[in-house]
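Let's walk through a protein together, one piece at a time. Keep the sequence and the 3D view side by side as you read.

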Amino acid sequence: MKKEEKNQLKYAQQHLANERTYLAWVRTVIAIVGIGFLNTSLHFTIGVQRNSTIDMISLSLGVFAVVLGFIIIVLATVAYFNKKKQIMNDETFNPSNTSVTLVSSLMIVILIFILFYFLYLES
């Protein structure tokens, strides 16, 4: 009986950790989309300087942030259900290197958009 209880506890901890990871991805999506929305909103409401290049960069940043948020939430949901299936089938742990690499690469693209935005804003 004690071994079965320990087994149940192990699975419960793994499922809870999986849910926490999913919720962390959701918080990340909210932050990324919020940054894109905030940048675009502030640019067009209190932007002093009007330049078509800066306007296009700001719009691109906002749209890309929303698209990135969508991609991340889809990847996080797929990863959540894959991990859940692995836990239920008592499979070995497989890290999600591809998802992390993809999201990191896309975050670099957002940072490049922000860099171009500030470079063009200064000139």
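## A leucine and its partners

Start with Leu 106, which is in contact with Phe 64, Leu 68 and Ile 71, once its neighbours within four places in sequence are left aside. Keep in mind as you look around that this is a predicted model.

Leu 106 also belongs to a bigger group. The largest nonpolar core has 9 residues, and Leu 106 is one of them, together with Val 29, Ile 32, Leu 61, Ala 65, Leu 68, Ile 72, Val 103 and Ile 110. Helix H1 (2-46), helix H2 (52-88) and H3 each supply at least two residues of this core. Which helix gives the most? That is H2, with 4 residues. As a rule, nonpolar side chains in soluble globular proteins tend to be buried together.

## The overall build

Now zoom out. The protein has 3 helices and 0 strands, so if you read the elements from the N terminus on, the order is α-α-α. Along the principal axes, the C-alpha atoms fill a box of roughly 70 × 25 × 20 Å. The radius of gyration is 20 Å, whereas a compact globule of 123 residues would have one near 14 Å.

How much of the protein counts as buried? The share is 23% of the 123 residues. The accessible surface comes to about 8700 Å², and carbon and sulfur atoms account for 69% of that area. Look at the contacts too: among those with a separation of 6 or more, 76% are between residues 24 or more positions apart.

## A nonpolar patch on the surface

Nonpolar residues can be found on the outside of this protein as well. Ile 108, Ile 112, Leu 115, Phe 116, Leu 119 and Tyr 120 form a nonpolar patch on the surface. Together these residues have about 570 Å² of accessible area. To find the patch, look for helix H3 (residues 97-122), where Ile 108 has its place.

## Stops along helix H2

Is Ser 58, a residue of helix H2, buried or exposed? Ser 58 counts as buried because its relative accessibility is 0%, and the cut-off for buried is under 20%. Leaving out residues up to four places away in sequence, Ser 58 touches Asn 39, Thr 40, His 43, Phe 44 and Tyr 117.

Further along, Val 78 is also found in helix H2. Val 78 counts as partly exposed because its relative accessibility is 46%, and partly exposed residues fall between the limits of 20% and 50%. In sequence, Val 78 and Tyr 22 are 56 residues apart, yet their C-alpha atoms are 9.9 Å apart in space. Helix H2 holds Asn 82 too, and Asn 82 is partly exposed, with a relative accessible area of 42%. From Asn 82 to Asn 94 there are 12 residues in sequence and 9.7 Å in space, C-alpha to C-alpha.

## A last look at helix H1

Finish with Val 26, which is found in helix H1. Val 26 has a relative accessible area of 22% and is therefore partly exposed. Along the chain, Val 26 and Gly 69 are 43 residues apart, while 8.8 Å separates their C-alpha atoms. Try finding this pair in the 3D view, then go back to the core residue Val 29.

Conventions: Residues are numbered from 1 along each chain as its sequence is written. This is a predicted model: local features need pLDDT of at least 70, side-chain atom pairs count only at pLDDT 80 or more; totals for chains, interfaces and linings use all residues. Side-chain values use heavy atoms; hydrogens and water are left out. Patches are made of residues with over 30% relative accessible area and no salt bridge: like charges are joined within 9 Å, nonpolar side chains (Val, Leu, Ile, Met, Phe, Trp, Tyr) within 5 Å. Accessible areas come from the Shrake-Rupley method with a 1.4 Å probe; for residues, only the protein chains shown count as cover. A salt bridge is a side-chain nitrogen of Lys or Arg within 4 Å of a carboxyl oxygen of Asp or Glu. The radius of gyration is taken over C-alpha atoms; the globule rule is 2.2 Å times the number of residues to the power 0.38. Buried means under 20% relative accessible area, exposed over 50%, partly exposed in between (1.4 Å probe, protein chains only). Contact means heavy atoms within 4.5 Å. A nonpolar core is a set of buried Ala, Val, Leu, Ile, Met, Phe, Trp, Tyr and Cys residues joined through side-chain atoms within 4.5 Å.
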